[in-house]
Amino acid sequence: MSAVSLISDTEDLALHYEQESIKRQFVSGQVLLGKIGIEPGMKVLDIGCGTGLLAQHVAQMVGSNGMVTGIDPLPLRIDLAKRKSTATLDFFVGDAVDLMRFPEASMDAVYFNSVFHWIKDQPLALRQAFRVMKAGAPLGIASGSADHPLQFHVLKDRVMARKPYSDYAEAIDGQPNNLSAADYRKLCADTGFVVRDISVETTVSYHDSADDIVDFYNASAFGNLFGNLPVELKAGARDALIAEFEAFRTPDGIRQERSHLFAIAAKPGGR
Ligand SMILES: C[S@@+](CC[C@H](N)C(=O)[O-])C[C@H]1O[C@@H](n2cnc3c(N)ncnc32)[C@H](O)[C@@H]1O
């Protein structure tokens, strides 16, 4: 189970995430929205909304009769999200495991985009989502897949297996807790959801610089890259990871492959 730190975030990391996620999480988020079926007039909850880019997009989809609320535990990300607030889009600092601010059966749709793997008590988070959803409301999760480990994590694990990093076994904490398709099926069913579809899509992108890949990952992981290594070892571990990525350089740039798992379920009843 990952033990991510929520105190390693900085204004720079939040801003970097805001600028760069538009090419990544925002894109997979749009795929997720298509699978959920967001419609005008819906009341939607975005759990782990980050800087609010996707929530802002959903607010346009639900229109003036809808409402989108985003929550995230990182105050610096919510500060950026709040700049996007409108009459139909609002944001709060909050955690997936405590949705008590929202009434029971008040949401027409709930989603987690690139968030679920960071949550420590995933069954509790799903129970909380279930409580606030109306009967028939769809749930969407886009996350990593334990069946298709991310190239980034494979390379990071390779670095961490070497001396002196391997002396700090706990440093691997802070790694996302990705689930398999079978795990999602069971977790959703155990919570009471009806599973509609679980799929995995793989994307390939090319990058000029391995530094950029690693920097974005750190912004996306809110400062948890090599979080538990002693500070004097972090630069060396980072350089070793960059060298691992360089091995994937092609004439088009460094080839990065990422698999996204999409889990779509619904609260029984209704519609
Ligand atoms: C990779 S970002 C994704 C942000 C946003 N959903 C997007 O699509 O750009 C992961 C987000 O998960 C949030 N997160 C981590 N643990 C969480 C928790 N327990 N409850 C809610 N959000 C959480 C982080 O604060 C971070 O903003």
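1. Contact here means heavy atoms within 4.5 Å. By that rule, and leaving aside neighbours within four places in sequence, Arg 101 is in contact with Phe 92 and Val 93. Arg 101 sits in the loop between β3 (89–93) and β4; helices (H or I, at least four residues) and strands (E, at least two) are DSSP runs, numbered from the N terminus. Arg 101 and Val 132 are 31 residues apart in sequence, and 9.6 Å apart in space, C-alpha to C-alpha.

2. Some ground rules before going on. This is a predicted model, where local features need pLDDT of at least 70, side-chain atom pairs count only at pLDDT 80 or more, and totals for chains, interfaces and linings use all residues. Residues are numbered from 1 along each chain as its sequence is written, and side-chain values use heavy atoms, with hydrogens and water left out.

3. On to helix packing, starting with α1 (residues 11–20) and α4 (residues 75–82). Their axes come within 9 Å and cross at roughly 50°; axes are lines fitted to C-alpha atoms, for helices over the stretch in contact, and angles run from 0 to 180 degrees between N-to-C directions. That angle makes α1 oblique to α4 (under 35 degrees counts as roughly parallel, over 145 as roughly antiparallel, 65 to 115 as roughly perpendicular, and the rest as oblique). The crossing of α1 and α4 is right-handed, a label used if the near helix is turned clockwise from the far one by less than a right angle, with anticlockwise giving left-handed. On the α1 side the contact is made by Glu 11, Leu 13, Ala 14, Leu 15, Tyr 17 and Glu 18, and on the α4 side by Leu 76, Arg 77 and Leu 80. By class, the residues of the α1 and α4 contact are six nonpolar, no polar and three charged. For the classes, Ala, Val, Leu, Ile, Met, Phe, Trp, Tyr, Cys and Pro count as nonpolar, Asp, Glu, Lys and Arg as charged, and the others, Gly among them, as polar.

4. Next pair: α2 (residues 25–36) and α3 (residues 53–62), whose axes come within 10 Å and cross at roughly 35°. This crossing of α2 and α3 is right-handed. α2 brings Phe 26, Gly 29, Gln 30 and Leu 33 to the contact, while α3 supplies Leu 53, Leu 54, His 57, Val 58 and Met 61. The α2 and α3 contact splits into six nonpolar, three polar and no charged residues.

5. Staying in α2, have a look at Val 31, which lies in that helix. Val 31 is partly exposed, with a relative accessible area of 30% (buried means under 20%, exposed over 50%, partly exposed in between, with a 1.4 Å probe and protein chains only). Not counting residues up to four places away in sequence, Val 31 touches Glu 201 and Phe 262. Val 31 and Phe 262 are 231 residues apart along the chain, yet their C-alpha atoms are separated by 8.7 Å.

6. The third helix pair is α8 (residues 210–220) and α9, with axes that come within 9 Å and cross at roughly 125°. That makes α8 oblique to α9, and α8 passes α9 in a right-handed crossing. From α8, Ala 210, Asp 211, Ile 213, Val 214 and Asp 215 meet Arg 238, Leu 241, Ile 242, Phe 245 and Glu 246 in α9. The α8 and α9 contact has six nonpolar, no polar and four charged residues.

7. Also in α9 (residues 231–246) is Gly 236, which is partly exposed at a relative accessible area of 32%. The C-alpha atoms of Gly 236 and Val 93 are separated by 35 Å, with their positions 143 residues apart along the chain.8. A few backbone spots are worth checking by eye. Lys 163 and Pro 164 are joined by a cis peptide bond, with omega about 0°, and Pro 164 is in the loop between α6 (151–160) and α7 (181–191). Ser 114, in the loop between β4 (109–113) and α5 (122–132), has a positive phi near 60° without being a glycine. Phe 222 is not a glycine either, and its phi is positive at about 40°. Phe 222 is found in the loop between α8 and α9 and is buried, with a relative accessible area of 9%.

9. Last, the cysteines. How many disulfides does a search of the whole structure find? Zero, taking a disulfide as a pair of cysteine sulfur atoms within 2.5 Å. Cys 49 is buried, with a relative accessible area of 10%, and Cys 188 is buried with a value of 2%.
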